[in-house]
Amino acid sequence: MENFAFYSPTQFVFGKDTESEAGKLVKRFGGSKVLLHFGGGSVVKSGLLDRVKKSLDAEGISYVELGGVMPNPRSGLVYEGIDLCKKEGVDFVLAVGGGSTIDSAKAIAAGVVYDGDFWDFYRGKRIEEALPVGTILTIAAAGSEGSPDSVITYEDGMYKRGASGDAIRPKFSILNPALTQTLPPYQTAAGITDIMAHLYERYLTNSKDVEVTDRMIEALLLTMVHEGPRVIENPNNYEARANIMWAGTMAHNNCCGVGRSQDWLSHTIEHELSALYDCAHGAGLAVTMPAVFKYELSHDVMRFAKVAVRVWGCQMDFDHPERTALEGINAFKNFLSSIGMPVTFGELGAKEEDIPKLVDVLCNGDGRTGSISGFITLNEEECAKIYKM
Ligand code: NZQ
Ligand code: ZN
């Protein structure tokens with residue numbers, strides 16, 4: 001296991017009706033004037049936004065609103081949010097929605113207290129300072145409610161890039177699984193896929209002797225294999241929603257990723273798909289993961305065989321471990337298909353003729369230098385092969 005420091009100070013408030021605590025929590029973390037940030041309208045329609053406003057009113061906290069965050073959130077609204085916060089003297093950013101809304105809120109929070117262009121953070125500058133951020137989560141997926149990351153698409157060039165820093169870890173996150181019951185099945189499945197991706201990206205490591213985090217990841221994957229189909233079958237299954245929601249947070253606040261190197265190639269390759277085709281991030285991952293894993297398999301057959309046996313119940317073939325490894329990847333692919341995810345380029349709506357463009361932005365766009373690295377390193381030719389797979 002490698003040396004690490006882990007500090008994850010988000011206060012999680014979990015369970016039914018917990019959104020009514022929003023006002024008290026904002027106050028506890030020093031907020032007096034809030035930017036209420038939300039997406040395309042699901043929180044208006046469900047009545048959640050009104051309940052949150054009531055909770056802020058009850059504590060005498062004033063707020064300004066900025067809705068309209070799109071899935072795969074864009075830089076334009078971030079600039080608008082930064083200007084609004086400066087003009088209104090906002091001191092706390094409250095995101096009500098999914099990963100896209102939370103990521104946009106984090107970008108605004110970092111941009112408000114920074115003199116330069118907020119995009120500097122998405123080109124590698126670490127975020128050291130930001131307004132405090134709180135979240136009320138409405139979809140179990142991205143894990144942004146407990147992560148120090150934000151992913152934004154820069155509209156001039158459509159670069160989808162991430163930024164990081166403990167300063168943007170939410171001060172609190174309200175997790176009410178009942179709020180996810182209004183999700184369409186496709187979004188629920190895309191969320192399940194993203195959660196599993198965050199686990200796999202950490203499982204695929206070059207670090208040795210990381211059994212404790214291996215076992216934690218396997219436990220969370222097994223939970224997803226059990227609860228995923230239950231929630232697809234019955235969207236109102238609160239208990240299944242609750243287990244998935246907490247698994248989603250644990251999958252990405254990095255408690256399972258400490259002391260080990262991580263992969264993230266599937267995510268890096270996917271981000272170009274959601275940037276170009278505006279598909280759901282989870283759906284893009286369902287297409288990229290099986291291909292990336294097959295490409296990576298020969299790098300560490302036993303790691304893929306281990307997850308195949310421990311999570312997918314495959315029988316170990318000691319003479320041909322690569323068969324076991326491949327069986328596990330195929331079991332995962334079948335699982336994704338069974339919950340309604342696309343697993344091919346065509347099913348996603350992606351086009352083969354776009355591959356050169358995808359590869360160019362992936363490997364050379366916005367400061368990159370011809371390759372991407374994770375569990376293994378991939379050059380342009382190899383990335384093209386993966387998109388073709
Ligand atoms: O915009 P509204 O109207 O709210 O609708 C959203 C959106 O259309 C809808 N939705 C959310 N909650 C709902 C609901 N509809 C009905 N009922 C509800 N309760 O679902 C759609 C998707 O929402 P979005 O926020 O985009 O989903 P998700 O949480 O999957 O976020 C995806 C974004 O997160 C990034 C992805 O790249 C993508 O841009 N990621 C962020 C990470 C991070 N910050 O740590 C890590 C991830 O790997 C990921 O890259
Ligand atoms: Zn993800």
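**Exercise 1. Is Ile108 buried or exposed, judged by the other C-beta atoms within 10 Å?**

Solution. Begin with the rule, by which a residue is buried if 20 or more other C-beta atoms lie within 10 Å of its own, exposed if 12 or fewer, and partly exposed in between, with C-beta atoms placed from the backbone. Ile108 has 29 other C-beta atoms within 10 Å, so it is buried. Next, place the residue: Ile108 is found in helix H5, where helices (H or I, at least four residues) and strands (E, at least two) are DSSP runs numbered from the N terminus. Finally, list its partners, taking two residues to be in contact if their C-beta atoms, placed from the backbone, lie within 7 Å. Leaving aside neighbours within four places in sequence, Ile108 is in contact with Leu35, His37, Val78, Gly81, Ile82, Cys85 and Val93.

*A note on the model.* This is a predicted model, in which local features need pLDDT of at least 70 and side-chain atom pairs count only at pLDDT 80 or more, while totals for chains, interfaces and linings use all residues. Residues are numbered from 1 along each chain as its sequence is written, and chains are lettered from A and ligands numbered from 1 in the order in which they are written.

**Exercise 2. State what confidence scores the model carries**.

Solution. The term pLDDT stands for the predictor's confidence in each residue, from 0 to 100. The chain averages a pLDDT of 97, and 100% of the residues score at least 70. For the model, the scores are ipTM 0.99 and pTM 0.97.

**Exercise 3. Describe the span and surroundings of helix H6**.

Solution. Count the residues to begin: H6 runs over residues 185-203 and has 19 residues. Then compare its span with the expected one, which is 1.5 Å times one less than the number of residues. From its first C-alpha to its last, H6 reaches 27 Å, close to the 27 Å expected. As for the surroundings, 17 of the 19 residues of H6 are buried, so the helix is largely enclosed by the rest of the structure.

**Exercise 4. Work out which parts of the chain surround ligand 1**.

Solution. A residue is near a molecule or strand if its C-beta atom, placed from the backbone, lies within 6 Å of it. There are 33 residues around ligand 1, and of these Gly39, Gly40, Pro71, Gly98 and Gly99 come nearest. The elements that give two or more residues to this shell are helix H2 (42-45), helix H5 (99-112), strand S6 (149-154) and H6. H5 supplies the largest share, four residues. To sort the shell by class, count Ala, Val, Leu, Ile, Met, Phe, Trp, Tyr, Cys and Pro as nonpolar, Asp, Glu, Lys and Arg as charged, and the others, Gly among them, as polar. The shell then has eight nonpolar, 22 polar and three charged residues.

**Exercise 5. Examine Asn72 and Met158, which have positive phi values**.

Solution. Asn72, a residue other than glycine, has a phi near 60°, and it lies in the loop between strand S3 (62-66) and helix H4 (75-88). With 22 other C-beta atoms within 10 Å, Asn72 is buried. Met158 is not a glycine either, yet its phi is positive, about 50°. Met158 lies in the loop between S6 and strand S7 (159-164), and it is partly exposed, with 15 other C-beta atoms within 10 Å.

**Exercise 6. Find where Ala22 and Cys256 meet residues far along the sequence.**

Solution. Ala22 lies in helix H1 (residues 22-28), and with 28 C-beta neighbours inside 10 Å it counts as buried. Ala22 and Ser55 are 33 residues apart in sequence, but 6.0 Å apart in space, C-alpha to C-alpha. Not counting residues up to four places away in sequence, Ala22 touches Val52, Ser55, Leu56, Leu94, Ile136 and Ile174.

Cys256 lies in the loop between H8 and helix H9 (265-277), and it too counts as buried, with 24 C-beta neighbours inside 10 Å. The C-alpha atoms of Cys256 and Arg215, 41 residues apart along the chain, are separated by 9.0 Å. Among the residues that Cys256 touches, beyond those up to four places away in sequence, are Leu199, Arg202, Thr213 and Met216.
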